[in-house]
Amino acid sequence: MISLKPRSILLISAIFRVGLILFGEWQDTHVEVRYTDVDYLVFSDAASLMASGQSPYKRTTYRYSPLLAFLLIPNSFTSRCWGKFLFSASDLFVGLFIRIILKQRKVPDDLCTYSMLIWLFNPFTFTIGTRGNCEPIVCAMILWIIICLNNGNVVQAAFWYGLIVHFRIYPIIYALPIIIFLDPCFFRSGTKPLLSDWTSDQGKARQINSELTDKCVVCDALKSTFTRSRILFGLISGTVFLLCTGFFFRLYGWEFLHEALLYHLTRTDPRHNFSIYFYHIYLNYERELSVLEKLISFLPQFIVQLVLILCFAKDLVFCFFVQTVAFVAFNKVITAQYFVWFFCLLPLILPWSNMKLKWKGLCCILLWMGAQTHWLLWGYLLEFKGKNVFLQLWMASLLFLAANTFILIVLIRHHNYGPVFRQHTDLKTTKTT
Amino acid sequence: MSTLQYNRLCFHLKLAILWMLFSGAVFCIHVFASTTEVETNSDAGKFIMKSYFENYESLHDSSFEDFMAHQLSSSLCQGIPDNWNVGVRLSVRELSLVGEGSHRHLSSSIRLQIAAASIPKLPAHLCEVIVIQRLPLGVFADPFELQNPHKHKAFRDIAVFGDTNLELPSFQSNRSAVEFHIDAGFNILFMQNNGTEFNLLLPLDARYQPLDESGYSVVEIGEPDMLMRCSVEGKQHKQSCLFMSPPNEKAKSTSATVAWKIPAGMKVPRCPKLEATNFSVINFVIRRQILHICS
């Protein structure tokens, strides 16, 4: 059992990240291979343009909200490491929020500590922020939304949700589960919803909650879908999104809409990436894809998302996690930075998983890394050795999808599913049993 | 976790972040005070390719040659003896492609020769050698790689012009060109009889190629265009004079192109017989199904 205190973990993580950032600056100056992500240079250039009163979209390949460039304006007049420090600070906040969310559900200290360590000392995650990738900001905001929803603070959750969807489109997939989650059985005006606690005997908890869930589904269907909290959430998040989008459209016009929003909705990249669709897109890039082809690439994604939402929406964090894994796995373009989207949610679901690290957990990790490494091997032969291995690379993409699907199924089967909230009448039920 | 513990945790976290920001800012400011950066795309009018793209939309060999001929004729220095032009020789001694895969380096060795009699008359410290490497459709130079100070500190300026979109495949992109400016002063002053040499190493990246039955596409990269520019005191004001090797001198240089074989998606050759067979088989199967349903 680990006896490190959370503040010690955060302090060590902070020092480690500072060290990495400084090392990265040294490497960029003295070594041929850069430590800094190319995207960071894009953000910095866009921020410089914005600081001088110009459109950040004059910088080619800048495809983010102007908010990101705004946050990095200090890069131009303080230090160009400012952005990296900002992203690493967000990284630390993710670690803190993981602990807060788990303590809200009364998860034991040792499990909370392990969960924090999984995020803060994951080599993938600490390099992401220190190399200058902005995903930690997104992760921190998503976790803060979960904290707000757990506290019954619908207004604040809606505000941040509208902002995060404007910032990075993909969280739109969480809209429907959040709406379902704002169940009128739990979200009543004037009362804070009651969180169901983590218990070591997960089976008992499931039985009680499943009865209530069945009753509430019927109650919900009979009464009304449009409850106060749902309408409030939809209105506030929609307003925030439209305000931000409208404001930046006013400033930067169609260029902003194309680059920051429409590009991500219609993106097809013929260059090799983990997605199974890349080779088909490349082979047919010179012509417009038919409606059938577009549908074939969209339908699996849509169906999987719908099924996962309908099955797991009441267990919001788990629903977010499985949705994100599936969204990334079935997407038309997959790059390594997308993995961070579900890495930040993984520590939140592990306390409810009855899968042991030895040996099932380890097998899943090795399978995922193995499938990725296999793809990277063919990618290396194509990109760095100039061999025509497109077909083999595409097969490796299929294998990667299969591995992701298998691991997702294993995680679902080992998860102790239970709604996040319980009714106030639970207290009477538990006392009498 | 109690409220007090939570507040203390937040306070310590804020302290850690502030310390992180402060120490990082101090260090980075110190580091960057002592490094130099390669300026790219700086002063207007400095780059020849910038002037080219102000007059033309895309890079074509014929347009470029017309443009260069016009540039040279309009930059004849007034009152400067003509024999200066005769004295300057720029040639490519060696051109090769270094590396493997989609990311390689174009290595070129350029020789500058100036007639001994012309050297004392040149304002050596105000002369620079300009090398323009025109790139074919299938490859591009990454402007951000060229900004790497570790690699390119020997150059006064480097810039990429034309289509710098890194993401497009070759069949949807236009050509680009890289312009190098190299300070020639030191080399001119201490020039040997056989001239002086400059070595260029240009990082290049391959675009995705059009489909090909062989599974590969060959891209050819030719020699760069080279000239020398000196800033000379004219009768009334300073002027820039351009010097280029005479056309007949260019023929003496070594192998003109390098070939780069890049993997491409495989185009399946059309087989009308196979297509007809497939069609008739499908047709047959559909008819049988219809008959089965109707019976």
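A disulfide here is a pair of cysteine sulfur atoms within 2.5 Å. Keep that cut-off in mind for the second half of the tour.

Some ground rules before you start clicking. This is a predicted model, in which local features need pLDDT of at least 70 and side-chain atom pairs count only at pLDDT 80 or more, while totals for chains, interfaces and linings use all residues. Residues are numbered from 1 along each chain as its sequence is written, chains are lettered from A and ligands numbered from 1 in the order in which they are written, and side-chain values use heavy atoms, with hydrogens and water left out.

**Stop 1: chain A**

Select chain A and switch to cartoon: you should find 20 helices and 2 strands (DSSP runs numbered from the N terminus, helices being H or I of at least four residues and strands E of at least two). Of its 433 residues, 55% are buried (under 20% relative accessible area, with exposed being over 50% and partly exposed in between, using a 1.4 Å probe and protein chains only). Taking contacts in chain A with a separation of 6 or more, 74% join residues 24 or more positions apart (a contact means heavy atoms within 4.5 Å).

Next, color by the UniProt record. Its unreviewed entry lists several stretches as "transmembrane region", including 231-252 and 393-412 of chain A; such annotations may be inferred rather than shown by experiment. Residues 231-252 of chain A are 100% helix, with end C-alpha atoms 31 Å apart. Residues 393-412 of chain A are also 100% helix, and there the end C-alpha atoms lie 29 Å apart.

While you are in chain A, pick C244(A). Which cysteine sulfur is closest to its own? The one in C134(A), but at 16 Å it is too far for a bond. C244(A) is buried, at a relative accessible area of 16%. Then pick C112(A), which is buried at 0%.

**Stop 2: the disulfide in chain B**

How many disulfides does a search of the whole structure find over all chains? There is 1. Show C127(B) and C230(B) as sticks: they form a disulfide, with sulfur atoms 2.0 Å apart. The torsion about their S-S bond is about 110°, so the disulfide is right-handed. C127(B) sits in strand β3 (residues 127-135) and C230(B) in strand β9 (residues 225-233) of chain B, so the pair ties together parts that are 103 residues apart in sequence. Both C127(B) and C230(B) are buried.

**Stop 3: a hairpin**

Now select residues 88-98 and 103-114 of chain B. These are strands β1 and β2, which pair in the antiparallel sense over 10 bridges (strands pair if DSSP finds at least two bridges between them). Look across from V92(B) and you meet I110(B) in β2(B). β1(B) and β2(B) form a hairpin with 4 residues between them, and G99(B) in the turn has a positive phi of about 110°.

**Stop 4: two more residues in chain B**

Center on R175(B), in the loop between β5 (157-162) and β6 (176-183) of chain B. Is R175(B) buried or exposed? At 18% relative accessibility, R175(B) counts as buried. Its side chain reaches the backbone oxygen of L135(B) at 2.9 Å. Leaving out residues up to four places away in sequence, R175(B) touches several others, among them H60(B), D61(B), R134(B) and D163(B).

Finish at T196(B), in strand β7 (residues 196-206) of chain B. T196(B) counts as buried at 12% relative accessibility.

Technical notes
Polar contact = N/O pair within 3.5 Å; in protein donor to acceptor, adjacent residues only side chain to side chain.
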